[in-house]
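Reader: I have a new model open on my screen and would like to talk it through. Could you take a few questions about it?

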Amino acid sequence: MENYCENLLDYVNNQGTANEANGLMEHLHVCQRCQGNIDLYCESLELMQRDFTIQDVPGSLIKEILDFVFEK
Ligand SMILES: [Zn+2]
(Lines give C-alpha, C1' and ligand atoms only; values in the text may rest on other atoms or scores of the structure.)
Protein backbone atom coordinates (compact mmCIF):
# COMPACT_ATOMS: atom_id res chain seq x y z
CA MET A 1 0.00 0.00 0.00
CA GLU A 2 1.35 3.41 -0.92
CA ASN A 3 1.24 6.12 1.67
CA TYR A 4 -1.66 7.90 0.08
CA CYS A 5 -3.23 8.64 3.45
CA GLU A 6 -0.40 10.91 4.48
CA ASN A 7 0.24 12.47 1.10
CA LEU A 8 -3.31 12.60 -0.19
CA LEU A 9 -3.44 16.27 -1.03
CA ASP A 10 0.06 16.24 -2.48
CA TYR A 11 -1.07 13.61 -4.94
CA VAL A 12 -4.20 15.57 -5.73
CA ASN A 13 -2.45 18.88 -6.16
CA ASN A 14 0.54 17.62 -8.09
CA GLN A 15 -1.47 15.14 -10.10
CA GLY A 16 1.58 12.93 -10.23
CA THR A 17 2.01 10.27 -12.85
CA ALA A 18 -0.87 8.44 -14.44
CA ASN A 19 0.03 5.40 -12.37
CA GLU A 20 -0.08 7.40 -9.19
CA ALA A 21 -3.42 8.91 -10.13
CA ASN A 22 -4.83 5.45 -10.81
CA GLY A 23 -3.44 4.20 -7.53
CA LEU A 24 -4.96 7.13 -5.74
CA MET A 25 -8.38 6.50 -7.22
CA GLU A 26 -8.16 2.84 -6.22
CA HIS A 27 -7.08 3.84 -2.77
CA LEU A 28 -10.02 6.23 -2.46
CA HIS A 29 -12.40 3.40 -3.20
CA VAL A 30 -11.20 1.44 -0.19
CA CYS A 31 -10.11 4.11 2.29
CA GLN A 32 -12.84 5.82 4.29
CA ARG A 33 -10.36 8.15 5.87
CA CYS A 34 -9.16 9.55 2.56
CA GLN A 35 -12.73 9.80 1.28
CA GLY A 36 -13.50 11.98 4.27
CA ASN A 37 -10.43 14.08 3.65
CA ILE A 38 -11.32 14.52 0.01
CA ASP A 39 -14.82 15.54 1.01
CA LEU A 40 -13.43 18.23 3.25
CA TYR A 41 -10.95 19.31 0.62
CA CYS A 42 -13.61 19.60 -2.07
CA GLU A 43 -15.86 21.55 0.25
CA SER A 44 -13.13 24.06 0.92
CA LEU A 45 -12.34 24.20 -2.79
CA GLU A 46 -15.95 25.01 -3.54
CA LEU A 47 -15.99 27.68 -0.88
CA MET A 48 -12.88 29.24 -2.36
CA GLN A 49 -14.21 29.07 -5.89
CA ARG A 50 -17.23 31.09 -4.84
CA ASP A 51 -14.97 34.01 -4.10
CA PHE A 52 -12.42 33.84 -6.86
CA THR A 53 -11.35 31.70 -9.74
CA ILE A 54 -8.55 29.33 -9.00
CA GLN A 55 -6.32 29.10 -12.02
CA ASP A 56 -3.75 26.68 -10.79
CA VAL A 57 -5.96 23.91 -9.49
CA PRO A 58 -5.27 20.90 -11.66
CA GLY A 59 -8.34 20.19 -13.73
CA SER A 60 -8.65 16.57 -14.66
CA LEU A 61 -7.77 14.73 -11.47
CA ILE A 62 -9.78 17.12 -9.31
CA LYS A 63 -12.74 16.57 -11.60
CA GLU A 64 -12.35 12.80 -11.44
CA ILE A 65 -12.24 12.94 -7.69
CA LEU A 66 -15.24 15.24 -7.49
CA ASP A 67 -17.16 12.88 -9.73
CA PHE A 68 -16.17 9.99 -7.50
CA VAL A 69 -17.01 11.75 -4.26
CA PHE A 70 -20.35 13.12 -5.37
CA GLU A 71 -21.63 10.20 -7.40
CA LYS A 72 -22.89 8.55 -4.19
ZN1 LIG B 1 -6.21 6.55 2.79
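**Helices, core and one glutamine**

Author: Happy to help! The protein has four helices and zero strands. Please keep in mind that this is a predicted model.

Reader: Which pattern does the protein follow, read along the sequence?

Author: Strands number zero here, and the helices number four. Read from start to end, the pattern is therefore made of helices alone under the DSSP assignment. Written out, that is α-α-α-α.

Reader: Which helix gives the largest share of the largest nonpolar core?

Author: That core has eight residues: Tyr4, Tyr11, Val12, Leu24, Leu28, Cys34, Ile38 and Ile65. At least two of them come from each of helix 1 (4–14), helix 2 (18–30) and helix 3. The largest share, three residues, is supplied by helix 1.

Reader: Is Gln35 buried, partly exposed or exposed?

Author: Gln35 sits in helix 3, which covers residues 32–51. Inside 10 Å it has 17 C-beta neighbours. Being buried takes 20 or more and being exposed takes 12 or fewer, so Gln35 counts as partly exposed.

Reader: Leaving aside neighbours within four places in sequence, which residues is Gln35 in contact with?

Author: Ile65 lies 30 residues from Gln35 along the chain, with 9.5 Å between their C-alpha atoms. Ile38 has contacts beyond four places with Leu28, Ile65 and Val69. For Gln35, the contacts of this kind are Leu28 and Val69.

Reader: What percentage of the residues count as buried?

Author: The protein has 72 residues. A residue needs 20 or more other C-beta atoms within 10 Å to count as buried. The share that does is 12%.

Terms used
Residues numbered from 1 in each chain as written. Predicted model: local features only at pLDDT ≥ 70, side-chain atom pairs only at ≥ 80, totals over all residues. Helix = DSSP H or I, 4+ residues; strand = E, 2+ residues; numbered from the N terminus. Contact = placed C-beta atoms within 7 Å. Core = buried A, V, L, I, M, F, W, Y, C linked by C-beta atoms within 7 Å.
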